[in-house]
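Here are some notes to read alongside the coordinates. I have grouped them by region, so feel free to jump around.

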Amino acid sequence: MSFEAVVIGGNFAGLSAAMQLVRARLRVLLVDAGAPRNRFSEASHGFLGQDGQTPAAIMQEGKRQLSLYPTIAIREGKVVRAHSDGDAFIVGTEDGGEERAARIVLATGVSDTLPEIPGLKERWGRSALHCPYCHGFEVGGGKLGVLANHPHSAHSAMMIPDWGATTFFTQALFEPDEEQLVKLTARGVRIERSPIVELLGDNPKLEAVRLADGRIVPLDAVFVAPKTTMASPVAEQLGCAFDDGPFGPIIRVGDNKETTVKGVFAAGDAASAMHNATLASASGVLAGVHCHQSLVMSSAA
């Protein structure tokens, strides 16, 4: 067997999982497609010890540290297929290569689908944001908006006033119910029912939004939760079960981060409804530790 574990994905979750596995002296292959979800952000915030660093710099340093361990192999490329083969797994890359391993850790992440509003995609990760805990401090004190595109948007709008004056844009799709309206009003949130049809300003800066009725509303940043899909088909190919998350499907895992397929573990955004750098890294640690322990228990049986 070439490797005891293959980690698919080289962002925060995958790097953290691989670190635990190589420190357990396992032969590990890390395959990274080089297209992390956070590549649009200028900096990662709220990540203890890494606050303000670019995601690319954090990942580069993580790979450098991993490369110092003698049992790691790091390859750039995309895993496009995987299947079980007895008690092991075969993974195939887009260049036609194949590797065999006893365990797989999926840190494959998700892909974002944003509302089709002119000017939104170009500002994604800069002035169009998904997480106030990741980016709220940097836009704090400004005029902030929440663009409703899912049933939980009103809850998000209740959080944002701690960072600045907030307007909740219902987009004529997600009208707050009576209880939500009371809470939003208590939080000082302004309700705007005319939909945003365009983001304005010197990209990537946001200066205002144009509404369907023609009005221009000044804004410094807008928060929106994108819909998500799996960034890789591998979990589905392996037969992993999925749950319906608030923004899209997530890989079903237990407390030990093992999927419904024995020997396959998952971590990071693909396996969690909560998306955050620290949480992704922590879930990677758990996946790596439990992956190692599963190999120990298997050899001792």
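Which residue in β15 is the bridge partner of L129? That partner is F223. Please keep in mind that this is a predicted model.

1. **The five-stranded sheet.** L129 and F223 bring us to the pairing of β8 with strand β15 (residues 221–223), which is parallel and rests on two bridges. These strands belong to an open sheet of five, ordered β8-β15-β9-β10-β11 with parallel pairing. The edges are taken by β8 (128–129) and β11 (190–192); each has a single partner strand, so one side of each lacks a neighbour in the sheet.

2. **A helix on that sheet.** Helix α3 packs on the sheet and touches β8, β9 (143–147) and β15. The direction of α3 makes about 160 degrees with that of β15.

3. **The antiparallel strands.** Strand β12 (residues 196–200) runs antiparallel to strand β13 (residues 208–211), and four bridges join the two. Strand β13 is also joined to strand β14 (residues 216–218), again antiparallel, by three bridges. A208 is a handy residue to click on: its bridge partners include L200 and, in β14, P218. The β13 and β14 hairpin has four residues between its strands, and there G214 takes a positive phi near 95 degrees.

4. **A salt-bridge network by the hairpin.** R215 sits in the loop between β13 and β14, while E192 lies in strand β11, 23 residues apart from it. The two form a salt bridge with their closest N and O atoms 2.8 Å apart. R215 is partly exposed, with a relative accessible area of 36%, whereas E192 is buried at 6% relative accessibility. Salt bridges with shared partners connect R190, E192, D213 and R215 into one network.

5. **Salt bridges of helix α2.** The structure holds 18 salt bridges, and two that involve α2 are good ones to look at. E61 and R64 meet at 2.7 Å, N to O; both are in α2, three residues apart, about one turn of the helix. E61 is partly exposed at 31% relative accessibility, and R64 is partly exposed too, at 44%. In the other case, the side chains of K63 and E76 meet at 3.2 Å, N to O. That pair links distant parts of the chain, with K63 in helix α2 and E76 in strand β3 (residues 72–76), 13 residues apart. K63 is buried, with a relative accessible area of 17%, but E76 counts as exposed at 58%.

6. **A buried lysine to check.** How far from K257 is the nearest side chain of opposite charge? That side chain is D255, 7.0 Å away, and K257 is buried yet has no salt bridge. K257 is placed in the loop between β18 (249–251) and β19 (264–266). Leaving aside residues up to four places away in sequence, K257 touches V264, F265, A266, S283, L286 and A287.

7. **Two aromatic pairs.** The structure holds two aromatic pairs. F12 and F47 are edge-to-face, 5.3 Å centre to centre with 80 degrees between the planes. F12 is in helix α1 (residues 12–23) and F47 in the loop between β2 (28–32) and α2 (55–67), 35 residues apart. Both F12 and F47 are buried. For Y133 and W163, the ring centres are 5.5 Å apart and the planes stand at 90 degrees, so this pair is edge-to-face as well. Y133 belongs to helix α3 (residues 132–139), and W163 to the loop between α4 (153–159) and β10 (165–169), 30 residues apart. Y133 counts as exposed, at 57% relative accessibility.

8. **Two buried serines around F12.** S281, found in helix α7 (residues 277–300), is buried at 14% relative accessibility. Beyond its sequence neighbours up to four places away, S281 touches F12, A13, S16 and F47. S44, in the loop between β2 and α2, is buried at 7% relative accessibility. Among the residues S44 touches, with the same neighbours left out, are F12, Q50, I58 and A277. The C-alpha atoms of S44 and C134 are separated by 7.0 Å, although the two are 90 residues apart along the chain.

How values were computed:
Residues numbered from 1 in each chain as written. Predicted model: local features only at pLDDT ≥ 70, side-chain atom pairs only at ≥ 80, totals over all residues. Heavy atoms only, no water. Phe/Tyr/Trp six-rings, centres within 6.5 Å; stacked < 30°, edge-to-face > 60°. Buried < 20%, exposed > 50% of the residue type's maximum accessible area, 1.4 Å probe, protein only. Lys, Arg positive; Asp, Glu negative; His and termini not counted. Salt bridge = Lys/Arg side-chain N within 4 Å of Asp/Glu carboxyl O. Contact = heavy atoms within 4.5 Å. Pairing = 2+ DSSP bridges. Axes fitted to C-alpha atoms, helices over the stretch in contact; angles between N-to-C directions.
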